[in-house]
Amino acid sequence: LPNDSRIPTGGEKRVSNLGIIQQMGEVKGKRYIVDTGRVEGWYLQLERKRKEDIAPYVFESSIDVFETNEGAQLAISPGWYKMFAEDAAIPNLVEGGCDLGDKCLFYYYESLDPATNLTTLRYHVAFVYNNVLVWAMGRGLDIDTNPEYVMDAANTLYDKLENAYLAFR
């Protein structure tokens, strides 16, 4: 990221299949693992260090590895991906979308705090590269958060993943 950030306590962790079961519940979590062939995952949270920076206050990302490309594709499909969940808020799609990897979603949520009259934005990019699902999110006040910042971060993740893949071929 172009701005200084820090990893808060608990902001970097491995997300095992047990963690998925704990997040989703036993039956749904196990069904997800069996259906998608999820192997392992990692999560990272970063917080902006300086209040004067024009950047999202929080940036989060996760990487999930699946046994196959088809498993990663299934994980981002309407049947499993969190954006499509019945109880989820309806996202706004970013105009123009995105074209990272084999499949890409670019969307955001907007919320207004009536007490302060401040608007918070959360931009999300999720993409599949081979057998990997990557998710990145930037959250902050509307004055600090824009889609280009989050897409640039997602592009960096894509480039690192592609370089790692090419190095092991």
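## Notebook: pockets, a cavity and a few buried side chains

I started with Glu40, where the side chain makes a polar contact of 3.0 Å with the side chain of Arg14. A reminder to myself before going on: this is a predicted model.

**Entry: Glu40.** Where does Glu40 sit? I found Glu40 in strand E3. Next I checked whether Glu40 is buried or exposed. Glu40 has a relative accessibility of 15%, and the cut-off for buried is under 20%, so Glu40 counts as buried. Then I listed what Glu40 touches, leaving out residues up to four places away in sequence. One group of contacts is Arg14, Val15 and Ser16, and the other is Ile63, Asp64 and Val65. So Arg14 turns up on the contact list as well as in the polar contact.

**Entry: Arg48.** I stayed on strand E3, because Arg48 has its place there too. Is Arg48 buried or exposed? Its relative accessible area is 14%, so Arg48 is buried. Which residues does Arg48 touch, not counting those up to four places away in sequence? I noted Asp4, Ser5, Asp53, Ala55, Pro56, Tyr57 and Asp144.

Two of these contacts got a second look. A polar atom of the Arg48 side chain lies 2.7 Å from the backbone oxygen of Ala55. With Asp144, Arg48 makes a polar contact of 3.2 Å, side chain to side chain. I also took one long-range reading: Arg48 and Thr156 are 108 residues apart along the chain, and their C-alpha atoms are separated by 18 Å.

**Entry: the cavity.** How many cavities of 30 Å³ or more does the whole structure hold? My search turned up one. The largest cavity has a volume of about 70 Å³. Arg48 is back again here, as one of the residues that line the largest cavity. With Arg48 in that lining are Leu1, Asn3, Asp4, Ser5, Leu46, Glu47, Ala55, Pro56, Tyr57, Phe59 and Tyr149. Which element gives the most to this lining? It's strand E3, residues 38–48, with three residues. By class I got seven nonpolar, two polar and three charged residues.

**Entry: the largest pocket.** I moved on to the open spaces. The largest pocket holds about 720 Å³ of space. It is lined by 24 residues, and those closest to its centre are Ile20, Gln23, Met24, Asp64 and Lys82. Which elements each supply at least two residues of the lining? I wrote down helix H1 (17–24), helix H2 (26–36), E3, strand E4 (58–66) and strand E8 (132–141). By class, the lining has 14 nonpolar, three polar and seven charged residues.

**Entry: helix H1.** Since H1 came up at the pocket, I looked at which of its residues are buried. They are Gly19, Ile20 and Ile21. The buried residues of H1 pack against H2 and E3. Ile20 is thus a buried residue of H1 that also ranks among those closest to the centre of the largest pocket. Just after H1 comes Gly25, with a positive phi of about 95 degrees.

**Entry: the second largest pocket.** How much space lies in the second largest pocket? I noted about 350 Å³. Its lining has 16 residues, and Leu44, Phe59, Ser61, Leu157 and Lys160 lie nearest its centre. Phe59 was familiar, as it also lines the largest cavity. E3, E4 and helix H4 (147–167) each supply at least two residues of this lining. The largest share comes from H4, with six residues. The classes came out as 11 nonpolar, three polar and two charged.

**Entry: the disulfide.** How many disulfides are there? The count comes to one. It joins Cys98 to Cys104, with 1.9 Å from S to S. Both Cys98 and Cys104 are buried. The torsion about their S-S bond is about -110 degrees, so the disulfide is left-handed.

**Entry: Thr119.** My last stop was strand E7 (residues 118–129), where Thr119 has its place. Thr119 counts as buried, at 13% relative accessibility. What does Thr119 touch, once residues up to four places away in sequence are set aside? I listed Glu110, Ser111 and Leu112, and then Gly140, Leu141 and Asp142.

How values were computed. Residues are numbered from 1 along each chain as its sequence is written. This is a predicted model: local features need pLDDT of at least 70, side-chain atom pairs count only at pLDDT 80 or more; totals for chains, interfaces and linings use all residues. Side-chain values use heavy atoms; hydrogens and water are left out. On a 1 Å grid over the protein atoms alone, a cavity is a set of points where a 1.4 Å probe fits but cannot get out, and a pocket is an open set with protein on both sides within 12 Å along at least five of seven lines; lining residues have an atom within 4 Å of a point. Grid points are joined across faces, edges and corners, and a volume is the space filled by probe spheres set on the points. Helices (H or I, at least four residues) and strands (E, at least two) are DSSP runs, numbered from the N terminus. Ala, Val, Leu, Ile, Met, Phe, Trp, Tyr, Cys and Pro count as nonpolar, Asp, Glu, Lys and Arg as charged, and the others, Gly among them, as polar. A disulfide is a pair of cysteine sulfur atoms within 2.5 Å. Buried means under 20% relative accessible area, exposed over 50%, partly exposed in between (1.4 Å probe, protein chains only). Contact means heavy atoms within 4.5 Å. A polar contact is a pair of N or O atoms within 3.5 Å; within protein, one must be able to donate a hydrogen and the other to accept it, and residues adjacent in sequence count only if both atoms are side-chain atoms.
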